[in-house]
Amino acid sequence: LRPYQLDAIKSIQQSASEGNNRFLFEMATGTGKTMISAAVIKLFLRTGNAKRVLFLVDRLELEDQAYKAFKEYLKNDYQCVIFKENRDDWMKAEIVVTTIQSLMVNDKYKQMFSPTDFDLVISDESHRSISGNSRAVFEYFLGYKLGLTATPKRTTNTDTYKYFGDPVFIYSLKEGIKD
């Protein structure tokens, strides 16, 4: 991990130690949110703060990208599955990747999952997953919540600060140029 990515990990550890269970990473596109997510997942699973993680995305391309990244980064330690391809045996994996739309169809998230099935829920592009009907899926699950976004405040989306609180970590393109 790069130094700023390690800082992101330290920021979530600090926030959790202060008793928080909602975290927001505001990071520019291309700065490694998926890589940092893999490190956060490993941290939570290794420390016993999570037994199973749900990684929510809003597009199939992001689902495939996250799955491949997690398989590469975490293959020696944890099993990762795409929910749609493993509906009957998703419980064998520590990491479940899915589109939020897959869980919303016919309220599948309520039918197939208990609120305690995931101890950490990570929402990629969280500015979209906490708006409209999608928020019900995200809220259904108990435990820690991590939002990832490059655009937390847009007039067309819900204000992610109101939902998560202030970001525990911010990394902009300007900061990337300095590094």
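**Chatting through a seven-strand sheet**

Student: How many bridges join β1 to β7, and which way do the two strands run?
Tutor: Three bridges join β1 to β7, and the strands run parallel. Keep in mind that this is a predicted model.

Student: Which residue in β7 is the bridge partner of F25?
Tutor: That's F169.

Student: And how many bridges join β1 to β6?
Tutor: Five bridges link β1 and β6, again in a parallel arrangement. For one of the pairings, look at F23, whose bridge partner in β6 is L146.

Student: What does the sheet look like as a whole? In what order do the strands come?
Tutor: It's an open sheet of seven strands, ordered β3-β4-β2-β5-β6-β1-β7, and the pairing is parallel.

Student: Which strands stand at the edges?
Tutor: β3 (80–82) and β7 do. Each has a single partner strand, so one side of each has no neighbour in the sheet.

Student: How many degrees does the twist average from one strand to the next?
Tutor: The average is 15° per step from strand to strand.

Student: Back to β6. Which other residue has L146 as its bridge partner?
Tutor: I122 pairs with L146 in β6. Strand β5 (residues 120–124) and β6 are joined by five bridges and run parallel. You can also find L120 standing opposite Y144 in β6.

Student: How many residues of β6 are buried?
Tutor: Five of the six are buried, so β6 is largely enclosed by the rest of the structure.

Student: What about β5, how many of its residues are buried?
Tutor: Five of its five residues are, so to speak, under cover: β5 is mostly covered, and they count as buried. On one side you have L120, I122 and D124, on the other V121 and S123, and both faces are covered.

Student: Why do those residues split into two sets like that?
Tutor: In a regular strand, side chains alternate between the two faces of the sheet.

Student: Which residue in β5 is the bridge partner of V53?
Tutor: L120 is the one paired with V53. Strand β2 (residues 53–57) is joined to β5 by four bridges, and the two run parallel.

Student: OK, new topic: helices. How many residues does α1 have, and how far does it reach?
Tutor: Helix α1 (residues 3–17) has 15 residues and reaches 21 Å from its first C-alpha to its last, close to the 21 Å expected at 1.5 Å a residue.

Student: Which residues of α1 are buried?
Tutor: Y4, Q5, A8, I9, S11, I12 and S15. Looking down the axis of α1, these buried residues fall within an arc of 155°, so they line one face of the helix.

Student: Why would residues spread along a helix end up on one face?
Tutor: An α-helix has 3.6 residues a turn, so residues three or four places apart point the same way.

Student: What's on the other side of α1?
Tutor: P3, K10 and S17 are exposed over there.

Student: What do the buried residues of α1 pack against?
Tutor: They pack against β1 (22–27), α2 (33–46), β6 (144–149) and β7 (169–171). The helix lies across β1, β6 and β7, and runs at about 160° to β1.

Student: What happens just after α1?
Tutor: There you meet G19, which takes a positive phi of about 95°. Something along those lines turns up just after α2, where G48 has a positive phi of about 80°.

Student: How many residues does α2 have?
Tutor: It has 14, and it reaches 20 Å between its first and last C-alpha, close to the 20 Å expected at 1.5 Å a residue. Its buried residues include I36, A38, V40 and F44.

Student: How far is A38 from E72 in space?
Tutor: They are 9.7 Å apart, C-alpha to C-alpha, and 34 residues apart in sequence. E72 is found in helix α3 (residues 60–74).

Student: Is E72 buried or exposed?
Tutor: Exposed, with a relative accessible area of 53%.

Student: Zooming out, how many helices and strands does the protein chain have?
Tutor: Nine helices and seven strands. Of its 179 residues, 49% are buried.

Student: What is its radius of gyration?
Tutor: It is 15 Å, which agrees with the value near 16 Å that a compact globule with 179 residues would have. The C-alpha atoms fill a box of roughly 45 × 40 × 35 Å along the principal axes.

Definitions and conventions:
Residues are numbered from 1 along each chain as its sequence is written. This is a predicted model: local features need pLDDT of at least 70, side-chain atom pairs count only at pLDDT 80 or more; totals for chains, interfaces and linings use all residues. Side-chain values use heavy atoms; hydrogens and water are left out. The expected span of a helix is 1.5 Å times one less than its number of residues. Buried means under 20% relative accessible area, exposed over 50%, partly exposed in between (1.4 Å probe, protein chains only). The arc is that of the directions from the helix axis to the C-beta atoms. Contact means heavy atoms within 4.5 Å. Two strands pair if DSSP finds at least two bridges between them. Axes are lines fitted to C-alpha atoms, for helices over the stretch in contact, and angles run from 0 to 180 degrees between N-to-C directions. The radius of gyration is taken over C-alpha atoms; the globule rule is 2.2 Å times the number of residues to the power 0.38.
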